[in-house]
Amino acid sequence: MIKILVSDPISEVGLKSLLDAEDIQVDIKTDLNSQELKSIIGEYQGLLVRSQTKVTKEIIEAGKHLLVIGRAGVGVDNIDIKAATEHGIAVINAPDGNTISACEHTLAMLLSMSRWIPQAHNDLTQKQWNRKKYVGVELNNKVLGIIGLGRIGLEVAKRAKAFNMILIGYDPFTTEEQAQKNGIQLKSLEEVLRQADFLTVHTPLTKETKYMIDDKQFSLMKKGIRIVNCARGGIIREEALIKALNEGIVEAATIDVFEKEPPLDSPLLDHPKVITTPHLGASTKEAQLNVAIDVAKEVYHYLAGVPYKNAINMPSLPSDILNHLKPYIPLAEKLGTFISSVIMGGIQKVEIIYSGDIIEEEIDYLTRNILKGILRQHMGITEVNDVNADVMAKRRNIEVVEIRSNKTHGFTNLITVKLTTNIEEKSISGTLLNGYGPRFVNFNGSTIDVIPEGHLIITEHIDKPGIIGKFGTLLGNAGINIGTMQVGRNKVGGTAIGIFGVDKEVEDHILDELIKVENVSNTYYVEL
Ligand SMILES: NC(=O)C1=CN([C@@H]2O[C@H](COP(=O)(O)OP(=O)(O)OC[C@H]3O[C@@H](n4cnc5c(N)ncnc54)[C@H](O)[C@@H]3O)[C@@H](O)[C@H]2O)C=CC1
Ligand SMILES: O=C(O)C(=O)COP(=O)(O)O
């Protein structure tokens with residue numbers, strides 16, 4: 001009997017397919033604290049959540065029998081995907097079912113904010129008839145800036161058009177043509193910030209989007225801008241928002257999502273110009289039914305070994321082919337992650353050369369994993385999975401070339417990924433050493449031998465005496481221990497690379513210090 005735990009409130013009608021399945025037992029326990037969850041999760045093969053349950057590494061490690069985590073909704077920032085992947089647990093979401101509800105909530109927030117409706121209502125409940133205090137503004141002819149033109153952003157655009165708003169947007173992963181088709185002028189982030197009368201954000205929370213609206217961005221905005229966040233807390237830095245409200249840059253803000261939830265000690269809750277809701281974007285009967293049906297179906301399919309489509313982190317191939325390919329999959333994704341982390345510019349072409357015994361395999365599937373690694377660096381993990389990675393690359397006009405070659409360079413199998421951007425071209429090669437796992441063996445023509453895991457600092461520098469020593473001193477002073485080190489060069493005194501495996505996360509300011517060392521041209525940090 002398969003046991004599934006539902007730890008957040010999810011529509012039971014929507015879960016019917018799981019509840020009715022004879023071989024599945026579903027336990028619904030929606031008031032567990034993290035300790036209680038940790039103590040019982042070991043009994044379950046499946047866990048179904050919304051945004052409330054924090055599925056941390058600790059919970060995942062305690063889930064000794066977990067096979068799948070289902071997220072009845074879009075955002076998976078409450079789930080430690082890396083830990084789930086390491087433990088072979090599929091994370092599956094339901095990204096389509098709550099789009100309209102989140103979009104309508106955004107519109108509700110926009111309208112409430114433009115006319116101060118909650119504030120006026122509150123005054124009236126106190127028997128105060130304040131007609132002069134609450135003079136609003138029209139949406140008509142105002143510029144709406146939309147950051148993130150995905151499912152929700154585009155639905156918001158459609159409805160805002162009906163209010164005769166002028167639509168501008170920023171999304172580095174969409175095309176001008178696609179934006180125009182939806183009546184949106186695609187602009188740079190800075191242009192959107194400078195021109196918007198109203199601003200709404202609809203991106204996932206990723207390394208790139210965390211605090212993408214901070215003090216500097218507020219300083220670019222038109223005085224009197226009105227702001228909505230129904231996406232994720234942390235895209236807008238709350239402290240900076242409060243400051244901008246107090247300085248009069250921001251006239252009003254409506255916030256559904258918070259950096260910490262519940263945000264009971266947040267000053268946003270008491271600010272007279274802020275309207276808040278407790279993460280209600282997806283809280284409609286329709287959305288909850290939709291996401292529950294979708295996630296139940298997907299999780300059931302996953303457990304039954306039949307095809308499913310919304311896996312965030314796991315392959316969806318028949319098990320016999322999958323077993324064959326399994327050892328190559330982490331290598332493929334890591335090659336993609338690595339190369340896209342150490343290159344500058346917009347990606348134009350990905351060339352993948354397979355050689356050795358690997359050419360007999362379903363390389364198309366490995367290509368998708370390489371593309372997934374590349375694209376996830378830019379688009380966030382909810383957007384790209386191994387099922388859709390090639391479609392996403394095509395959509396972004398990235399040319400993908402697969403080559404089967406008989407040049408093995410002495411390895412039994414070898415995968416080389418060459419990435420071309422509008423600025424430069426770089427390559428990385430990796431192999432699977434029988435019994436020893438993946439290795440990176442060549443970077444930009446220099447031979448290396450790197451175990452692709454953990455925290456890696458990569459440097460590009462001139463091959464001169466003393467540079468490596470300076471790196472060591474700088475890292476040592478920052479309390480960062482170097483565990484492994486590889487240096488390579490094209491010729492004596494020529495261009496050289498360094499790959500340092502370090503024992504902890506490296507902050508940006510350390511990379512800034514390293515690049516100041518004489519004869520160093522670039523530094524990068526990758527977590528694999
Ligand atoms: N408040 C709530 O209850 C709900 C919140 N959400 C949240 O709304 C957000 C959007 O959801 P969807 O539209 O379904 O996702 P989506 O994946 O369809 O769209 C996200 C868009 O953001 C873009 N993007 C990624 N990085 C970016 C960057 N650095 N700058 C600008 N754009 C970037 C992507 O290209 C994509 O077009 C997610 O954070 C999701 O978790 C979703 C549903 C309900
Ligand atoms: O789907 C999402 O990303 C949401 O934010 C909805 O969250 P919820 O399921 O209402 O906790």
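The following exercises, each with a worked solution, concern a predicted model of a protein.

**Exercise 1. The domains and one interface**

Task: State which residue ranges make up each domain, and describe how domain 2 and domain 3 meet.

Solution.
Step 1. The domain assignment gives domain 1 as 2–96 + 286–314, domain 2 as 99–276 and domain 3 as 322–527.
Step 2. Between the C-alpha centres of domain 2 and domain 3 there is a separation of 38 Å. Domain 2 supplies 6 residues to the contact, and domain 3 supplies 8 residues.
Step 3. The size of an interface is often expressed as the accessible area that is lost when the parts come together. For domain 2 and domain 3 the buried area is about 610 Å², with carbon and sulfur atoms giving 52% of this area.
Step 4. The search for salt bridges across the interface of domain 2 and domain 3 yields 0. For polar contacts, the count between domain 2 and domain 3 is 1 residue pair.
Step 5. The side of domain 2 that touches domain 3 comprises 2 nonpolar, 2 polar and 2 charged residues.

**Exercise 2. A pair within helix H7**

Task: Determine how far apart the closest N and O atoms of Glu155 and Arg159 are, and how the two residues are placed in their helix.

Solution.
Step 1. Side chains of opposite charge can pair when their charged atoms come close.
Step 2. Glu155 and Arg159 form a salt bridge, and their closest N and O atoms are 2.7 Å apart.
Step 3. Both residues belong to helix H7, which covers residues 151–162; because they are 4 residues apart there, about one helical turn separates Glu155 from Arg159.
Step 4. Buried means under 20% relative accessible area, so Glu155, at 16%, counts as buried. Arg159 has a relative accessible area of 25% and is therefore partly exposed.

**Exercise 3. Pairs outside helix H7**

Task: Identify which parts of the chain the salt bridge between Lys222 and Asp197 ties together, and state whether Lys426 and Glu424 are buried or exposed.

Solution.
Step 1. In the salt bridge of Lys222 with Asp197, the closest N and O atoms lie 2.9 Å apart.
Step 2. Lys222 is in the loop between H10 and strand E10 (225–229), whereas Asp197 is in the loop between helix H9 (189–195) and E9; the pair therefore ties together parts that are 25 residues apart in sequence.
Step 3. The relative accessibility of Lys222 is 33%, so this residue is partly exposed. Asp197, at 17%, is buried.
Step 4. Lys426 also forms a salt bridge, with Glu424, where the closest N and O atoms are 3.6 Å apart. Lys426 and Glu424 are both buried.
Step 5. Salt bridges with shared partners link Glu155, Lys158 and Arg159 in one network. The whole structure contains 24 salt bridges.

**Exercise 4. The surroundings of His202**

Task: Locate His202, Thr203 and Val156, and list which residues they touch.

Solution.
Step 1. His202 is placed in the loop between strand E9 (198–201) and helix H10 (215–220). Thr203 lies in that loop between E9 and H10.
Step 2. His202 is buried, its relative accessible area being 11%. Thr203 is buried as well, at 12%.
Step 3. The side chains of His202 and Thr200 are joined by a polar contact of 2.7 Å.
Step 4. Beyond four places in sequence, the contacts of His202 include Thr106, Ile146, Ile152, Val156 and Ala231. On the same terms, Thr203 touches Ile147, Gly148, Thr209, Ala231 and Ile235.
Step 5. Val156 is in helix H7 and is buried, with 1% relative accessibility. Among the residues that Val156 touches are Cys103, Leu107, Leu144, Thr200 and His202.
Step 6. Val156 and Ile146 are 10 residues apart along the chain, and their C-alpha atoms are separated by 8.5 Å.

**Exercise 5. Asn385 in its loop**

Task: Determine whether Asn385 is buried or exposed, and where this residue is found.

Solution.
Step 1. Asn385 occupies the loop between helix H15 (363–379) and helix H16 (389–395).
Step 2. With 7% relative accessibility, Asn385 is buried.
Step 3. Leaving out residues up to four places away in sequence, Asn385 touches Lys309, Asn310, Ala311, Ile312, Lys372 and Arg376.
Step 4. Between the C-alpha atoms of Asn385 and Cys103 there are 24 Å, and along the chain these residues are 282 residues apart.

Methods: Residues are numbered from 1 along each chain as its sequence is written. Chains are lettered from A and ligands numbered from 1 in the order in which they are written. This is a predicted model: local features need pLDDT of at least 70, side-chain atom pairs count only at pLDDT 80 or more; totals for chains, interfaces and linings use all residues. Side-chain values use heavy atoms; hydrogens and water are left out. Domain bounds come from an automatic or database domain assignment. Contact means heavy atoms within 4.5 Å. Buried area is the accessible area (1.4 Å probe) that two parts lose on being put together, summed over both. A salt bridge is a side-chain nitrogen of Lys or Arg within 4 Å of a carboxyl oxygen of Asp or Glu. A polar contact is a pair of N or O atoms within 3.5 Å; within protein, one must be able to donate a hydrogen and the other to accept it, and residues adjacent in sequence count only if both atoms are side-chain atoms. Ala, Val, Leu, Ile, Met, Phe, Trp, Tyr, Cys and Pro count as nonpolar, Asp, Glu, Lys and Arg as charged, and the others, Gly among them, as polar. Buried means under 20% relative accessible area, exposed over 50%, partly exposed in between (1.4 Å probe, protein chains only).
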